[in-house]
Structures are given as structure tokens and as C-alpha cells.
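Subject: A structure for you to look at

Hello,

I am passing on a structure for you to explore, and below it I have written down what was found. Please keep it open while you read, so that you can look up each residue as it comes.

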Amino acid sequence: MTPIVLLDNLAEFVKEKTADIILQVRVQPGEEGKERAAEVHRMRLPKKEDSTQRIPYILLQIITGKDGKNEHNQPESTCQIRIVVATYAEDQGVGSYDVLNVIMRLRTELERNRILAEQFTLQDPLEYLIYPDDYTPYYFGEMMTNWSIPEIKQEVEEIWQ
């Protein structure tokens, strides 16, 4: 459950920290231009076609988790979360700049805070990438975050024979 709690807390954090970044929305013929903050989704978008229909969005996905011991033989648990940013713009410079703007905001806020819900700690490295591929008028980038999470405590005593 701990990675799920991390994902939920990160979703709230991302939503709060990007709420003031207003991005373009693709309009249907006859509609006026629309703008809004990016929607924040966990793990997957509601439908496959939403990968372009719901833009702008930020998608948070748990990629890996690991329980083990560190170099000092102390128990540790980690979780890697991928943050995908998708924007829309007819102007290629604006679209890729919007992705960069959202990623830099998240980078700044994550580095500044580093701890979520008093139990999850951002670990290095924090990596980000703006996709160089041409999907005009859609633009994508991602950030890979690594988190230390509380380890699961054993509740019963081990019996050694």
C-alpha cells in the first residue's frame, strides 16, 4: 500500500504546484480557444484515445519498487515514479516550451521540498527528458523520480532452529 499512498500524495502535490500553469487545449471546429491547467492522472488515462484527447495532462506511473538492504545492511524500500507531461499547441515553439515549463516547475518544487507526507523522500538522481520526436501539435516530456519509502515491518518473530 505504501507506493499507492506515495502516488496519491504526489498527485495532490503535482496538481497544487501546477494549477497556475494554464495550457492550450485542442478545440473542435467552431469552438473558441480553450485553456486550462493540466489534468493529473495516476497510472493510466481513463481511455486509450485519451492519450491525445485529454491533453494537457500529467500522468504519474509507478515504474519499479525495490525492498532490500543498503550498503550498511539496513533495510530500505524505494519506488521509482515516472511523470509524463503532455501539452498541445499549433505553434511548435509554444508546445515544447510548455512541456519544459511544467517539467521545470515540478523539478524546482520537488527539489525544494524533497519530502512528501512526512514519510517519502525524493532521492537522486532526478532525471527529465523533453521528447525530441515530432508529434505536432502534441508535445511530450517525462521525469523519472526515485523515492525512499517506509519499509514494511515484520509483525511476527522469526524462529530459528
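The notes below go from the whole chain to its core and then to a single residue.

Please bear in mind from the start that this is a predicted model. The protein contains three helices and eight strands, and if you follow the chain from the N terminus, these elements come in the order α-β-β-β-α-β-β-α-β-β-β. Taken along the principal axes, the box that its C-alpha atoms fill is roughly 75 × 30 × 25 Å. Among the contacts between residues with a separation of 6 or more, 59% join residues that are 24 or more positions apart.

As for the surface, the accessible area of the protein is about 10,300 Å², and carbon and sulfur atoms hold 48% of that area. The side chains include 18 positive and 28 negative ones, and the centres of these two sets are 2 Å apart.

Turning to the inside, 35% of the 161 residues are buried. In soluble globular proteins, nonpolar side chains tend to be buried together. Here the largest nonpolar core has 29 residues, and those that touch the most other members are L10, L60, I81, I83, L110 and W147. Two or more residues of this core come from each of α1 (2-18), β4 (57-69), β5 (75-88), α3 (92-113), β7 (120-130) and β8 (138-149), with α1 giving the most, namely six. Apart from this core there is another one, made of nine residues, which include L59, A86, Y88 and Y138.

I83 is a good place to begin looking at the contacts one by one. Once its neighbours within four places in sequence are left aside, I83 is in contact with L10, I58, L59, L60, L106, L110, G141, E142, M143 and T145.

The last name in that list leads to a question: is T145 buried or exposed? T145, which is found in strand β8, has a relative accessible area of 0%, and because buried means under 20%, T145 counts as buried. The side chain of T145 makes a polar contact, at 2.9 Å, with the side chain of W147, and W147 is one of the residues named above for touching the most other members of the largest core. Not counting residues up to four places away in sequence, T145 also touches C79, Q80, I81, I83, L110, L122 and L126.

Best wishes

Methods: Residues numbered from 1 in each chain as written. Predicted model: local features only at pLDDT ≥ 70, side-chain atom pairs only at ≥ 80, totals over all residues. Heavy atoms only, no water. Helix = DSSP H or I, 4+ residues; strand = E, 2+ residues; numbered from the N terminus. Buried < 20%, exposed > 50% of the residue type's maximum accessible area, 1.4 Å probe, protein only. Contact = heavy atoms within 4.5 Å. Areas by Shrake-Rupley, 256 points an atom, 1.4 Å probe, with all protein chains shown as cover. Lys, Arg positive; Asp, Glu negative; His and termini not counted. Charge placed at Lys NZ, Arg CZ, Asp CG, Glu CD. Core = buried A, V, L, I, M, F, W, Y, C linked by side-chain atoms within 4.5 Å. Polar contact = N/O pair within 3.5 Å; in protein donor to acceptor, adjacent residues only side chain to side chain.
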